[in-house]
Amino acid sequence: MAAALSSQFHPSTYRTLKKIKTKQLVSCSMQPPSQSNIKVVINGAAKEIGRAAVVAVTKARGMEVAGAVDSHLVGQDIGMVCDMEEALEIPIINDLTMVLGSISQSKATGVVVDFTDPSSVYENVKQATAFGMNSVVYVPRIKLDTVTALSAFCEKASMVSTGGCLVAPTLSIGSILLQQAAISASFHYNNVEIVESRPTPTDFPSSNAIQIANNLSNLGQIYNREDISTDILARGQVLGEDGIRVHSLVLPGLPSSTTVYFSGPGEVYTLKHDITDVQCLMPGLILAIRKVVRLKFGVWLGEIFVETSRSSISESGILTFYLFSGTSQSSIL
């Protein structure tokens, strides 16, 4: 199975109707409904990340919002909740099955984007699969046990269903670029330290730091040999068996940040990534929606990698998913 899941953003913020009215309206160029469009259901639509996803999907080519599910702001039009200029005429409802049943009757290609919580992901994917729909799951702190259970379920369901599931460790392009660069640097430096900061207390070390450490482990390199066995708490926690240390900070008022320091004789190489807004996850989400409809049966742990030889990101697909199933690796182009 792939490395530990990664997430720097923890989407759990809801907003009241009073606050919604005071926000500046979002201008979106909405596409008319089309049978060929991917029908996207946002599960967790009232969360900050869910609202951003509604706007992003509405703007994207070849897809449209077909349902909004949440236990908050039930009955309100999701377009108005997202401060869009016009209502989408899609009310938020608290019944995923009802939305899936409606879309399945249209015979359209459907994708459920799951922003809920680890305890409900398994049942949500089961429902989507039962209706022949694909799922994109981006849920912080989801357990590998849950992914394993989903894999077993999808394998059994593949006889009667066409729905695939993509579990995204991260949707942030910058986070993936940092991990790519860290892997490349690890072959040239003997010392590495990870320093992360979050504006609020959370589970430390974060899943993002754990994944970076896992990516740098088992590469034939032992790091920080000078004090690899020290038990001084101020030196941070060792992740894995190769001596990689992580230092976790809580700094309210500052963005979520991850920094990886490498050092060698006479130099220090620093990689840093800050997340300042949930919008950074939207390009990766749109790509995930486009890719998941092409997956075969089963659960895939996906990573997004950017082709650094190109200077811009476009919807035509300069990003490539590297997909993992068990111990095998393949790419969907």
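This passage describes the fold, the cores and some selected residues of a predicted model.

The chain has 333 residues, and 50% of them count as buried. Nine helices and 14 strands make up its secondary structure elements. Many contacts link distant parts of the sequence. Among contacts with a separation of 6 or more, 73% join residues 24 or more positions apart. The accessible surface of the chain comes to about 15700 Å². Carbon and sulfur atoms account for 53% of that surface.

The largest nonpolar core holds 41 residues. Within this core, Ile78, Met282, Leu285 and Ile289 touch the most other members. Several elements each supply at least two of its residues. The strands are β1 (38-43), β2 (63-69) and β4 (110-114). The helices are α2 (48-59), α3 (78-81) and α9 (282-292). The largest share comes from α2, with seven residues. Met282 shows one set of links in this region. Neighbours within four places in sequence aside, Met282 is in contact with Ile49, Ala52, Ala53 and Ala56. Another core lies apart from the largest one and has 17 residues. Leu178, Ala209, Val260 and Leu271 are among them.

Strands come next. In general, the strands of a sheet pair through backbone hydrogen bonds, and the pairing is either parallel or antiparallel. Both kinds occur here. Strand β5 (residues 134-137) and β6 run parallel, joined by three bridges. One bridge pair consists of Val137 and Val167, the latter in β6. Strand β6 (residues 164-167) is covered on both faces. Gly164 and Leu166 are buried on one side. Cys165 and Val167 are buried on the other.

An open sheet of five strands follows the order β8-β9-β7-β10-β11. Its pairing is mixed. The edge strands are β8 and β11 (267-275), and each pairs on one side only. Direction ignored, neighbouring strands of this sheet are turned by 25° against each other on average. Strands β7 and β10 (residues 256-264) run antiparallel and are joined by seven bridges. Asn191 stands opposite Ser263 in β10. Helix α8 packs on the sheet and touches β7, β8, β9 and β10. The direction of α8 makes about 165° with that of β7. Helix α7 (residues 173-186) lies across β10 and β11. The angle between α7 and β11 is about 165°.

Two residues of this sheet meet through their side chains. Glu193 is found in strand β7 (residues 191-198). His247 has its place in strand β9 (residues 244-250). A polar contact of 2.7 Å joins the side chains of Glu193 and His247. The side chain of Glu193 also makes a polar contact with that of Arg235, at 2.8 Å. Glu193 counts as buried because its relative accessible area is 15%, and the cut-off is under 20%. His247 falls under that cut-off too, with 19%, and so is also buried.

The wider surroundings of both residues can be listed, with residues up to four places away in sequence not counted. On those terms, Glu193 touches Asn224, Arg235, Arg245, His247, Thr259, Val260 and Tyr261. Under the matching rule, His247 touches Glu193, Ile194, Val195, Glu196, Ala234, Arg235 and Gly236. Arg235 therefore appears in the contact lists of both Glu193 and His247.

Backbone angles single out two asparagines. Most residues other than glycine have a negative phi. Asn218 has a positive phi, near 60°. Asn224 has a positive phi as well, near 50°. Asn218 lies in the loop between α8 (207-216) and β8 (237-239). Asn224 lies in the loop between α8 and β8 too. Their surroundings can be set side by side. Asn218 is exposed because its relative accessibility is 73%, and exposed means over 50%. Asn224 is buried because its relative accessibility is 2%, and buried means under 20%. Asn224 is also one of the residues that Glu193 touches.

Conventions. Residues numbered from 1 in each chain as written. Predicted model: local features only at pLDDT ≥ 70, side-chain atom pairs only at ≥ 80, totals over all residues. Heavy atoms only, no water. Helix = DSSP H or I, 4+ residues; strand = E, 2+ residues; numbered from the N terminus. Buried < 20%, exposed > 50% of the residue type's maximum accessible area, 1.4 Å probe, protein only. Pairing = 2+ DSSP bridges. Contact = heavy atoms within 4.5 Å. Areas by Shrake-Rupley, 256 points an atom, 1.4 Å probe, with all protein chains shown as cover. Polar contact = N/O pair within 3.5 Å; in protein donor to acceptor, adjacent residues only side chain to side chain. Core = buried A, V, L, I, M, F, W, Y, C linked by side-chain atoms within 4.5 Å. Axes fitted to C-alpha atoms, helices over the stretch in contact; angles between N-to-C directions.
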